[in-house]
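Colleague: Before I plan anything at the bench, could we go through how this chain is packed?

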Amino acid sequence: MAVTVMPESRTEQSPDVGFSSRAAAEAYIGGVCFKVGPPSLIGAELEWLTAQGGSSASDPRPDLTVLADALGIHTPQSISPDSPAVALPGGSRVTIEPGGQIELSSAPFASAAELAASLRADASRLRELLESRGIRTFSAAADASRTAQRVLRLPRYRAMERSFAGIGPFGALMMCNTAATQVSVDAGADAAEVAARWTLLYSAGPALLAGFACSPVLAGAPPGEWASQRMRAWMRLDPLRTRPSVQDWADPIAGYAHWALDVPLLCVRCDEDVDWTAPPGATFADWLCGALDDELGRRPTRADLDYHLTTLFPPVRASGHLEVRYLDAQPGDTWTVPIHVFDALLSRPELVAEATTLAKPTADRWTDAARYGLADPELRAAAVDLFDLAAAHAETDTAAAELTAAAERCRSGRTPTEDHS
């Protein structure tokens, strides 16, 4: 996203260098997670469930050898370490999730229209490659028929599986049986703009979660009716990791840095053939201050902190840019709608402020949004208001038409799947 020149002392620092204090680690997080600069770029990640051998989403998960054969030079190194992992023609890179879900991570673009066109072309090419070996993709945010099964055999995911198993079923379900549409945007030009954009993305979260919720069935989930079983799984798998108390953060940069160090370690990177499981309940701050010297035998480095940051799963994650992670995977090609929503609402500071005001009445209603979706009148009204505002300030006529249709869908209480079928 926004390219920022970091201070020389930081950019030249070896990844093997540690931290002199907690304050130094927090300052480092603030610098790498919130790269300030004029906001101009937008990106997205699309995920699909996959199956091999038939035309049904209930067919077996793909064999990784067949998957690598289908993807060829685009195969991610997570399943073929010697692969060149070449991006698709539109710049998107392919990754594989633990349950065999496939993901396209776009390059950043200066306009939502360019982003959508590139992703559409790359998604089409990806389907062609996969279908050449009998692998099908399915636009569903939750696997409605198969039990959770991890096919990606990496130490990171073994450690995650063990950690989440002690909490309940939601960890395995999240890892193996869910898919999302994610949108990434620049953090902002300065601390004030970062705070405004961050506040909007969180404030609008429940309303937009409700507006895009389309995963009422998740195989293996405990009983209960939820509009977004996918988001239910994310919120329940490890609240310390997935639900930061952002409402208490006067400064999101400082707040995020402080929170990140107090999240328990999910895994500790070692050699590939060594168990990566972290000491139970231990946080990165514990490791930093020496409390884990006996268990781990060393203090953390910059590379260890960089890796720890990838194991944080809040609704909006700071990764230099801001990743919106709370939306269900959308049916068909309607993933363009969330791209256009965020592109429009974040296009000017005054729109950021107006959208934040519209979203404020439902800003903390995450659980209600995941449970009830558009059936809740207040959430439905907020979603309609946000879609209407986005439509009025869309970049193109095509985007405006999609957003207007989405507003009408929300107004009538229809889910994206109902509207697409």
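The exchange below covers a helix pair, the nonpolar cores and a buried helix.

Modeller: This is a predicted model, in which local features need pLDDT of at least 70 and side-chain atom pairs count only at pLDDT 80 or more, while totals for chains, interfaces and linings use all residues. Residues are numbered from 1 along each chain as its sequence is written, and side-chain values use heavy atoms, with hydrogens and water left out.

Colleague: Are α16 and α18 roughly parallel or roughly antiparallel to each other?

Modeller: Helix α16 (residues 349-359) and helix α18 (residues 377-392) have axes 9 Å apart and pack at an angle of about 165°. Angles under 35 degrees count as roughly parallel and those over 145 as roughly antiparallel. The pair is therefore roughly antiparallel.

Colleague: Which residues of α18 are met by α16?

Modeller: Contact means heavy atoms within 4.5 Å. From α16, the residues involved are L351, E354, A355, L358 and A359, and they meet, in α18, A382, D385, L386 and L389.

Colleague: Which residues have the most contacts inside the largest nonpolar core?

Modeller: A nonpolar core is a set of buried Ala, Val, Leu, Ile, Met, Phe, Trp, Tyr and Cys residues joined through side-chain atoms within 4.5 Å, where buried means under 20% relative accessible area (1.4 Å probe, protein chains only). The largest such core has 120 residues, and those with the most contacts inside it are W198, L208, Y256 and F387.

Colleague: Why is α6 described as largely enclosed by the rest of the structure?

Modeller: What covers the buried residues of α6 includes β1 (42-52), α5 (155-165) and α9 (229-237). Helix α6 (residues 170-177) is largely enclosed because, of its eight residues, the number buried is seven.

Technical notes. Axes are lines fitted to C-alpha atoms, for helices over the stretch in contact, and angles run from 0 to 180 degrees between N-to-C directions. Helices (H or I, at least four residues) and strands (E, at least two) are DSSP runs, numbered from the N terminus. Angles under 35 degrees count as roughly parallel, over 145 as roughly antiparallel, 65 to 115 as roughly perpendicular and the rest as oblique. Buried means under 20% relative accessible area, exposed over 50%, partly exposed in between (1.4 Å probe, protein chains only).
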